[in-house]
Amino acid sequence: MKMIAHNPKDGVYAATPDYVHAMEVCRPDRFLFVSGTMGLDGNGAAGADLETQLRLIWSNLSRILAEARMTSDNIVRLTSYLRHASYVEANQKARLLALGGRPVPTTAIGVETLRDDWLVEIEVIAAA
């Protein structure tokens, strides 16, 4: 499988170093569509703060991806649902750390979560 980033230079706003406009996935054998994953521990309890929830989310995503014999290197699309817009920077830092700085097409959306203690939810698409 090969991934090719596409960032047009003319007529579209510039991509940032951690963002790409589009990712072409050439000849994947399979896709994995991961439901929104929250910062919950093994007992279903939400992490006490934003940083803890982000660590739990990426830990949970790693386990989910591993079940499909994938890693974060296989993520080709990511959507973050943030309870508050002020979470953007912490979410970005956690994403960059988890992806080793590799840019993927991503969207962050401010939402009212189903429970007040759920601060961030992340869904991904992975390919292998």
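In this predicted model, Val25 counts as partly exposed, because its relative accessibility is 21% and the buried class ends under 20%. Val25 belongs to strand 2, which covers residues 22-26. Once neighbours within four places in sequence are left aside, the contacts of Val25 are Met1, Lys2, Met3, Val76 and Ala127. One of these partners, Val76, is 51 residues away along the chain, yet the C-alpha atoms of Val25 and Val76 are separated by 7.8 Å.

It is helpful to place this residue within the overall fold. The chain contains two helices and six strands, and read from the N terminus on, the order of these elements is β-β-β-α-β-α-β-β. The pairing of Val25 with a partner 51 residues along the chain sits well beside the contact statistics of the whole chain: among contacts between residues at least 6 apart in sequence, 76% join residues at least 24 apart.

The overall dimensions come next. The C-alpha trace spans about 45 × 35 × 25 Å along its principal axes. For 128 residues, a compact globule would be expected to have a radius of gyration near 14 Å, and the 15 Å found for the chain agrees with this. Of the 128 residues, 35% count as buried. The chain exposes about 7500 Å², with carbon and sulfur atoms supplying 53% of that area. As for charge, there are 13 positive and 15 negative side chains, and the centres of the two sets lie 7 Å apart.

Strand 4, residues 75-82, offers a good view of a buried polar side chain, since Ser80 lies in this strand and counts as buried because its relative accessibility is 1%. What joins the side chains of Ser80 and Asn91? The link is a polar contact of 3.0 Å. Asn91 also appears among the residues that Ser80 touches beyond four places in sequence, together with Thr107, Ala108, Ile109, Glu121 and Ile122.

A second buried polar residue, Thr113, is found in the loop between strand 5 (106-110) and strand 6 (120-127). At 10% relative accessibility, Thr113 is classed as buried, so a loop position goes together here with a low accessible area. The side chain of Thr113 takes part in a polar contact of 2.9 Å with the side chain of Arg83. A polar atom of the Thr113 side chain also lies 2.8 Å from the backbone oxygen of Trp118. Arg83 and Trp118 are likewise the residues in contact with Thr113 when neighbours within four places in sequence are left aside.

Helix 2, residues 88-98, contains Ala94. With a relative accessible area of 16%, Ala94 is buried. Beyond four places in sequence, Ala94 touches Leu54 and Trp58. How far apart are the C-alpha atoms of Ala94 and Ala68? They are separated by 22 Å, the two residues being 26 apart along the chain. For Val25 and Val76, by contrast, a sequence distance of 51 residues goes with a C-alpha separation of 7.8 Å.

Notes: Residues numbered from 1 in each chain as written. Predicted model: local features only at pLDDT ≥ 70, side-chain atom pairs only at ≥ 80, totals over all residues. Heavy atoms only, no water. Helix = DSSP H or I, 4+ residues; strand = E, 2+ residues; numbered from the N terminus. Rg over C-alpha atoms; globule rule 2.2 N^0.38 Å. Buried < 20%, exposed > 50% of the residue type's maximum accessible area, 1.4 Å probe, protein only. Contact = heavy atoms within 4.5 Å. Areas by Shrake-Rupley, 256 points an atom, 1.4 Å probe, with all protein chains shown as cover. Lys, Arg positive; Asp, Glu negative; His and termini not counted. Charge placed at Lys NZ, Arg CZ, Asp CG, Glu CD. Polar contact = N/O pair within 3.5 Å; in protein donor to acceptor, adjacent residues only side chain to side chain.
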